[in-house]
Amino acid sequence: MDSRFRGNDGGGARCYNLRTMTYIVLESCIRCKYTDCVEVCPVDCFHEGPNMLAIDPEECIDCSLCVPECPVEAIVAEDDIPAGSEGMLALNRELAEEWPVISEKKEPPPDADEWAKTPGKLPHLER
Ligand code: SF4
Ligand code: SF4
C-alpha cells in the first residue's frame, strides 16, 4: 500500500506522510514461531524466516488484531517497544524485505514451548 500522497496547493507539490503506526515482532518469537498471529492479519504483512516472523511496517494497518493471538506476547506497537529492544523496528523492516509472506498457520517447532520463556534469544535468529 502506498502510504503517501502528493497534494498540490498551487505553489508546488507537497509530500504528506500518512503512514499509520506499525506493530512489530519482538525476539520472543524466535524459536517459538507458533504462527497463530498470521491468520488474523487482514493485510498479510507477516513474513516468515527460518525461526521467527517479522511484520512489514509499510503494510501494517495498526489494527492490533494479532496482539492477543500471540502466546508469548511477542507483538507490540512501535510506541510500546520495551527498553533494550529499540532495534527491533528496523530489524522487522529489514527481515520483512528478505522473507516471504506467510498467511496460513502452520505447526510450531517441536521444542517451541521450551523456548517460549527463554530471554535473550536474538543470537539464535536465523536468516
Ligand atoms: S504468534 Fe507470536 S510467537 Fe507465534 S509467530 Fe506470531 S509473533 Fe511469533
Ligand atoms: S496490527 Fe493488524 S495489520 Fe498489523 S500485523 Fe497485526 S494484524 Fe497485521
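pLDDT is the predictor's confidence in each residue, on a scale from 0 to 100. The protein chain averages a pLDDT of 88, and 85% of its residues score at least 70. The weak spot is residues 1–15, where the pLDDT is below 50, although this stretch has 17 contacts in the model beyond near neighbours in sequence. A contact here means that the C-beta atoms of two residues, placed from the backbone, lie within 7 Å. Where pLDDT is low, the predicted coordinates should not be read in detail.

A word on ground rules. This is a predicted model, in which local features need pLDDT of at least 70 and side-chain atom pairs count only at pLDDT 80 or more, while totals for chains, interfaces and linings use all residues. Residues are numbered from 1 along each chain as its sequence is written, and chains are lettered from A and ligands numbered from 1 in the order in which they are written.

**The overall layout**

The protein chain has two helices and six strands, arranged along the sequence as β-β-β-β-β-β-α-α. These are DSSP runs numbered from the N terminus: helices are H or I with at least four residues, strands are E with at least two. Of contacts between residues at least 6 apart in sequence, 76% join residues at least 24 apart.

Out of 127 residues, 28% count as buried. Buried means that 20 or more other C-beta atoms lie within 10 Å of the residue's own, exposed means 12 or fewer, and partly exposed is in between, with C-beta atoms placed from the backbone.

**The core and helix 1**

The largest nonpolar core holds 26 residues, and Val25, Cys29, Phe46 and Ile55 touch the most other members. Strand 3 (23–25), strand 5 and helix 1 (88–98) each give two or more residues to this core. Such a core is a set of buried Ala, Val, Leu, Ile, Met, Phe, Trp, Tyr and Cys residues joined through C-beta atoms within 7 Å. Leaving out residues up to four places away in sequence, Phe46 touches Cys37, Val38, Cys41, Leu53, Ile55, Val101 and Ile102.

Helix 1 buries Met88, Asn92, Leu95 and Ala96. Seen down the helix axis, the buried residues fall within an arc of 105°, so they line one face of helix 1; the arc is that of the directions from the axis to the C-beta atoms. They pack against strand 3, strand 4 (46–48) and strand 5. On the face turned away sit the exposed residues Ala90, Glu97 and Glu98.

**The two ligands**

A residue counts as near a ligand if its C-beta atom, placed from the backbone, lies within 6 Å of it. Ala, Val, Leu, Ile, Met, Phe, Trp, Tyr, Cys and Pro count as nonpolar, Asp, Glu, Lys and Arg as charged, and the others, Gly among them, as polar.

| Ligand | Closest residues | Shell make-up |
|---|---|---|
| Ligand 1, 14 residues | Cys29, Tyr34, Cys37, Cys70, Ala74 | 10 nonpolar, one polar, three charged |
| Ligand 2, 13 residues | Tyr23, Cys41, Cys60, Cys63, Cys66 | 11 nonpolar, one polar, one charged |

**Two loop prolines**

Pro71 sits in the loop between strand 5 (53–55) and strand 6 (75–77). Pro71 is partly exposed, with 15 other C-beta atoms within 10 Å. Beyond its neighbours within four places in sequence, Pro71 contacts Tyr34, Asp36 and Ala116.

Pro109 lies in the loop between helix 1 and helix 2 (112–115). Pro109 and Cys32 are 77 residues apart in sequence but 6.6 Å apart in space, C-alpha to C-alpha.
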